[in-house]
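Visitor: I should like to understand how the terms used for a protein structure are justified. Would you explain the reasoning to me?
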Amino acid sequence: MSTHIGAAAGQIAPVVLMPGDPLRAKWIAETFLTDASCYSEVRGMLGYTGTWGGQPVSVQGSGMGQASLAIYSHELFAEYDVATIIRVGSCGALTENLAVRDVVIASGACTDSSMNTHRFGGYHYAPVADFGLLRAAHDAAQARDDVRSHVGLIFSSDSFYSSRPELMKPMVDHGVLAVEMEASALYTAAAAHGRRALAICTVSDHMITGEETTAAEREQTFGAMVDIALTAALAVGPA
């Protein structure tokens, strides 16, 4: 039983979807999973296990930011032997090529966080997605006609309210599509444990146009990315 999740052995599936918002975790469990039961309410960071397509799947909230996600992903990988984590979150579009509600499948995650700087002694590690999951998610997204999807880099920021927003321009000039706050830590944790990880994010806000979704919409209406994540996870398998 881990410190921050507190589930018993066997309560968490090999495949875990990880939204930041614990209420989105609850919505995913109630909307997509069959016979879902709650295995954790520690610190309000809800976790559920049920089935999808006849296979066991868990959904675990991570909270906001890399420091919080790093705690939950470490415990899932190290103490519950989870094989695959797919982040299903929101992001802010940094380019006019994206629109609100588009889905971004992150091939890699740039960051301004010092977490990996400390981990790698000043070297610049490049956190990337598991290719099998990436390819399966791309295929699942392309099979849909109800959502636009993009594969590319995202930026995992340590600050939601940045004091230096102008620093995003060089990132955009080098292909970064959107900004969020967790994927870099997830990809690094998966690499450290030899497991699979992917971040799939729905554009909830547009940094150029100012368009945004409501809190309720972010919590309960990003179903396309969840379906893409589940399809990809089960196509690749947990091992």
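Guide: The following exchange takes up two helices and one residue of this predicted model.

Visitor: Why is helix α4 called oblique to helix α8?

Guide: The axes of α4 (residues 131–142) and α8 (residues 223–236) cross at roughly 130°. Angles over 145 degrees count as roughly antiparallel, and 65 to 115 as roughly perpendicular. The crossing angle of roughly 130° belongs to neither class, and therefore α4 is oblique to α8. The two axes come within 8 Å, and the crossing is right-handed.

Visitor: Which residues of α4 and α8 meet?

Guide: In α4 they are G132, L133, A136, A137, A140 and A141, and their partners in α8 are I228, T231, A232, A233, A235 and V236. By class, this contact has 10 nonpolar, 2 polar and no charged residues.

Visitor: How do you know that the span of α8 agrees with its number of residues?

Guide: Helix α8 has 14 residues, which at 1.5 Å a residue should span 20 Å. The end C-alpha atoms of α8 are 20 Å apart, so the two values agree. Among the buried residues of α8 are I228, A232 and A233, which also take part in the contact with α4. Just after α8, G237 has a positive phi of about 90°.

Visitor: Why is T84 called buried?

Guide: Buried means under 20% relative accessible area. T84 has a value of 0%, and therefore T84 is buried. This residue lies in strand β5 (residues 84–93). Beyond its neighbours within four places in sequence, T84 is in contact with residues including L133 and G237; L133 is one of the α4 residues that meet α8.

Notes
Residues numbered from 1 in each chain as written. Predicted model: local features only at pLDDT ≥ 70, side-chain atom pairs only at ≥ 80, totals over all residues. Heavy atoms only, no water. Axes fitted to C-alpha atoms, helices over the stretch in contact; angles between N-to-C directions. Helix = DSSP H or I, 4+ residues; strand = E, 2+ residues; numbered from the N terminus. Parallel < 35°, antiparallel > 145°, perpendicular 65-115°, else oblique. Left-handed = near helix turned anticlockwise from the far one by under 90°. Contact = heavy atoms within 4.5 Å. Nonpolar A, V, L, I, M, F, W, Y, C, P; charged D, E, K, R; others polar. Buried < 20%, exposed > 50% of the residue type's maximum accessible area, 1.4 Å probe, protein only. Expected span 1.5 Å × (residues − 1).
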